[in-house]
Amino acid sequence: LILDGKSYQYPTIEGSEGEKAIDIAKLRDETGYITIDSGYKNTGATKSAITFLDGEEGILRYRGYAIEDLAEKANFLGVAYLLIYGELPNKEQYDKFDNAIRRHTLVNEDMRRIFDGFPVNAHPMGVMSAMISAMSGFYPDSYDDKAPDHTETHIIRLLAKFPTLATWCFKKSNGHPINYPKNSLDYCSNFLHMMFSLPVEEYTVDPVVSAALNKLLILHADHEQNCSTSTVRLVGSSKANLYSSISAGISALWGPLHGGANQEVIEMLEDIKADGGDVMKFVNKAKDKNSGFRLMGFGHRVYKNFDPRAKIIKKAADDILGKLGVNDPVLEIAKGLEEAALHDDYFVSRKLYPNVDFYSGIIYRALGIPTNMFTVMFALGRLPGWIAQWKEMRANKEPIGRPRQIYTGATLRPFVEL
Ligand code: MLT
């Protein structure tokens, strides 16, 4: 095989009908080339101008802006606009976007009947996936090819109604009545109001809490071609409507290897705490292949260095818990685990650094958000990224996705009647 003028000798693997194929995984590992064909568990074939990520250097940029700057200086809606429309909004553009979202925060009361049918212990991610998919039924022009294109309104509706629906899930789980949105409030404050206000006591939005929420949502807003995002693009490539495509993304994100990891992390930290908090015991357990124990929130498919989001979140966790006067012992356990792992050859040689999920749950918990809502918070943050990727895929007129398959089954077998 000749690549960029260099020649490589690679073993082949047997395909169907005795055909030989190059061992792509080995080629990728040794040359650093990513595979061109997404059929090989890689989405290197997707062209996108939205998010730049360099896993070697630990760099993450949205539309060319460093994540560190955006997390510090922007707000979530501004970043959503940037991802979806390609530019940071000026004041007029921002106000128009913000006002449009405020006008669409109410959810059709008929959707309540669907929602009310879910049992009280249904996981909010399953409920969210279903409710977002159900939205297409309420806005049929979203899937009618002959209707005028209202994609922009569907985008606004999704951004506006997602927080309202998410808070319904929270209210169902604790048996409290739902709150209607209060459109005089900004995006994050309105979400916090719907989460925490009670008919007997109005929640006063703490600026520390809403700033923390803004930061967390920005950090989760996009991450190029990960499992849920490529799902959204793939589903959308069949011309499935925006609501159904985003619903598929929510389902993909739910898995514990993806967004669901933030829930797994906090449960792991709680287990370590309940066991007495001996961090080294669990570091050693993680190294023992037979223990079946994995350090959740460590390592990332693309980062061979620190996940830049994890650095920002770790600092934010210290700041926010300090400002709110919350003393959560699992923060100390998390820091202890990180410290121990970073000085241990086993983790260093495997480049297992904490990722975005490692500290996010600790902050959510300090903000009063329960564990089963952590992944919903991730989805709320990721929503603009999914929308931007879906929109880009459509604008580029990408053909329907169809991952290539490498057939590994039997060759033609003679049929013998029994
Ligand atoms: C994400 O933010 O989507 C996760 O880090 C997973 C990924 O990028 O593969």
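**Figure 1. Domain assignment of the predicted chain.** The assignment divides this predicted model into three parts: domain 1 covers residues 2–45, domain 3 covers residues 261–366, and domain 2 is built from two segments, 67–236 and 373–395. Taken over C-alpha atoms, the centres of domain 2 and domain 3 lie 28 Å apart.

**Figure 2. Contact region between domain 2 and domain 3.** Contacts link twelve residues of domain 2 with 16 residues of domain 3. On the domain 2 side, the elements giving two or more residues are helix H2 (67–73), helix H9 (207–219) and helix H18 (374–395). Helix H9 supplies the largest share of this side, with five residues. By class, the side of domain 2 that touches domain 3 holds nine nonpolar residues, two charged residues and one polar residue.

**Figure 3. Surroundings of the ligand.** The residues around the ligand are His223, Asn226, His258, His300, Arg301 and Val356. By class, four residues of this shell are polar, one is charged and one is nonpolar.

**Figure 4. Secondary structure, burial and contacts of the whole chain.** The chain contains 18 helices and seven strands. Of its 418 residues, 41% count as buried. Among contacts in the chain with a separation of 6 or more, 71% are between residues 24 or more positions apart.

Definitions and conventions
Residues are numbered from 1 along each chain as its sequence is written. This is a predicted model: local features need pLDDT of at least 70, side-chain atom pairs count only at pLDDT 80 or more; totals for chains, interfaces and linings use all residues. Domain bounds come from an automatic or database domain assignment. Two residues are in contact if their C-beta atoms, placed from the backbone, lie within 7 Å. Helices (H or I, at least four residues) and strands (E, at least two) are DSSP runs, numbered from the N terminus. Ala, Val, Leu, Ile, Met, Phe, Trp, Tyr, Cys and Pro count as nonpolar, Asp, Glu, Lys and Arg as charged, and the others, Gly among them, as polar. A residue is near a molecule or strand if its C-beta atom, placed from the backbone, lies within 6 Å of it. A residue is buried if 20 or more other C-beta atoms lie within 10 Å of its own, exposed if 12 or fewer, and partly exposed in between; C-beta atoms are placed from the backbone.
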